[in-house]
Amino acid sequence: MPRVRAVQIEKTGGPEVLTVADVAAPEPGPGQVLVDVEAAGVNYIDTYRRGGVYPLQLPAVLGSEGAGRVAGFGAGVRGFELGQLVAWKEAPGSYAEQVLVPAAELVPVPEGVDAHTAAAVLLQGLTAHYLCTDTYPVTGGTWALVHAGAGGVGLLLTQMLKLRGAMVLTTTSTPEKAELSRRAGADEVVGYAEATARARELTGGRGVDVVYDSVGKDTFDASLQALRPRGLMVLFGGSSGQVPPFDVQRLNTAGSLFLTRPTLGSYTQTREELLARTEEVFGWIAAGDLDVRVGHTYRLEDVRRAHEDLEGRRTTGKLLLIP
Ligand SMILES: NC(=O)c1ccc[n+]([C@@H]2O[C@H](COP(=O)([O-])OP(=O)(O)OC[C@H]3O[C@@H](n4cnc5c(N)ncnc54)[C@H](OP(=O)(O)O)[C@@H]3O)[C@@H](O)[C@H]2O)c1
């Protein structure tokens with residue numbers, strides 16, 4: 001029976017539970033496409049799954065995002081060719097040489113976008129896209145605060161906000177990260193402790209229209225304080241830990257605020273929606289309007305270091321695993 005190399009966990013825990021194993025090569029079932037993975041995206045959600053925040057059935061091959069070439073089909077699959085370059089944001093087991101992707105999840109990668117860029121942009125790029133087009137439909141003159149401005153989502157979101165004419169304040173933890181965030185188009189970059197005061201100063205005391213907060217536990221309170229009356233708090237991650245239970249009366253006293261905790265799945269509910277967002281993001285890349293920064297590529301064998309670097313705040317932009 002053919003075997004492939006894959007990053008497997010047998011129990012949840014820290015990066016030490018990640019091991020590279022030889023596992024049975026996957027066989028495509030109905031509606032599934034077999035893909036030779038060229039690059040797998042490393043995302044924060046992989047660390048939540050590894051640690052048990054989001055439960056998995058064990059043993060499990062980790063990973064969810066990637067790009068590669070079509071190597072086989074199950075029954076009923078139409079519209080893809082052998083050897084075609086494709087990408088996906090959600091296929092369990094993507095940290096591997098081969099993965100099965102539901103055909104409904106697979107998107108074709110157009111000319112002008114290479115495999116590494118496609119793997120790097122799909123999950124974080126579609127996230128940034130829905131956050132600024134639909135969660136808060138940003139227009140010219142919108143003031144947005146983006147935490148972790150030099151991160152994977154942060155760099156993409158900042159560029160997309162600027163494409164839509166927004167004014168952008170970001171936070172980062174080091175001068176090097178601040179410089180990267182500025183190069184992505186941020187109008188102002190500050191340390192986390194200064195974010196609320198600077199948000200007020202920049203908006204004449206009023207507060208920003210929207211906060212995009214993926215840091216969570218450590219930034220949540222300050223984020224609420226940075227908003228204008230009836231502003232929108234978008235809590236979309238917990239890189240510093242999950243936000244504890246919340247008293248909704250705080251929305252009232254802070255100025256009739258709105259709070260949402262969105263996920264990408266709710267904003268790609270149909271194939272049409274997935275393809276429309278992907279087309280726009282790939283279009284910006286091909287036109288040179290969106291720079292996708294791959295901060296680091298790791299071999300499959302170095303997956304522990306990839307997770308340690310991501311959780312240790314040592315990374316910028318996107319991380320890729322190359323099987
Ligand atoms: N809801 C959704 O649809 C969705 C989709 C994709 C991603 N996300 C979320 O978005 C967030 C960003 O994901 P990403 O892959 O692009 O990661 P990332 O932003 O590249 O990495 C996390 C960054 O958060 C900052 N951070 C602040 N406090 C931290 C702490 N205590 N520990 C670790 N990092 C801290 C660090 O930047 P500094 O050093 O500059 O502070 C770090 O580099 C994650 O929380 C992820 O779960 C949500």
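In this predicted model, S256 sits in the loop between α7 (249–253) and β14 (258–260). Its backbone does something a bit out of the ordinary: phi of S256 is near 55°, a positive value in a residue other than glycine. Most residues other than glycine have a negative phi, and most peptide bonds are trans. With a relative accessible area of 45%, S256 is partly exposed.

A148 tells a similar story. This residue, also not a glycine, has a positive phi of about 55°, and its place is in the loop between β9 (143–146) and α3. A148 counts as partly exposed too, at 23% relative accessibility; the cut-off for buried is under 20%. A further positive phi, about 60°, turns up at R313, just after α9. The peptide bonds have their own exception: L58 and P59 are joined by a cis bond with omega of about -5°, and P59 belongs to the loop between α1 and β4 (60–61).

Back to α9, the helix that R313 follows. Which of its residues are buried? In α9 these are V303, A306, H307, D309 and L310. They sit on the same side of α9, because they cover an arc of only 165° around the axis. An α-helix has 3.6 residues a turn, so residues three or four places apart point the same way. As for partners, the buried residues of α9 pack against one helix, α1, and against the strands β1 (3–9), β3 (32–42), β15 (294–299) and β16.

Zooming out, the domain assignment splits the chain into domain 1 (3–121 + 270–322) and domain 2 (139–261). The contact between them takes 17 residues from domain 1 and 17 residues from domain 2. Taken over C-alpha atoms, the centres of the two domains are 28 Å apart.

Both domains also have a hand in the largest pocket, with at least three residues of its lining drawn from each of domain 1 and domain 2. This pocket holds about 1000 Å³ of space. Its lining runs to 44 residues, and those closest to the centre of the pocket are Y44, Y48, V153, S214 and S239. By class, the lining has 17 nonpolar, 18 polar and nine charged residues. Which elements each supply at least two residues of that lining? They are the helices α1 (44–51), α2 (115–135), α3 (152–163) and α9 (303–311), along with the strand β16 (318–322). So α9 comes up twice, with a buried side that packs against β16 among other elements and with residues in the pocket lining.

Terms used. Residues are numbered from 1 along each chain as its sequence is written. This is a predicted model: local features need pLDDT of at least 70, side-chain atom pairs count only at pLDDT 80 or more; totals for chains, interfaces and linings use all residues. Side-chain values use heavy atoms; hydrogens and water are left out. On a 1 Å grid over the protein atoms alone, a cavity is a set of points where a 1.4 Å probe fits but cannot get out, and a pocket is an open set with protein on both sides within 12 Å along at least five of seven lines; lining residues have an atom within 4 Å of a point. Grid points are joined across faces, edges and corners, and a volume is the space filled by probe spheres set on the points. Helices (H or I, at least four residues) and strands (E, at least two) are DSSP runs, numbered from the N terminus. Ala, Val, Leu, Ile, Met, Phe, Trp, Tyr, Cys and Pro count as nonpolar, Asp, Glu, Lys and Arg as charged, and the others, Gly among them, as polar. Domain bounds come from an automatic or database domain assignment. Buried means under 20% relative accessible area, exposed over 50%, partly exposed in between (1.4 Å probe, protein chains only). The arc is that of the directions from the helix axis to the C-beta atoms. Contact means heavy atoms within 4.5 Å.
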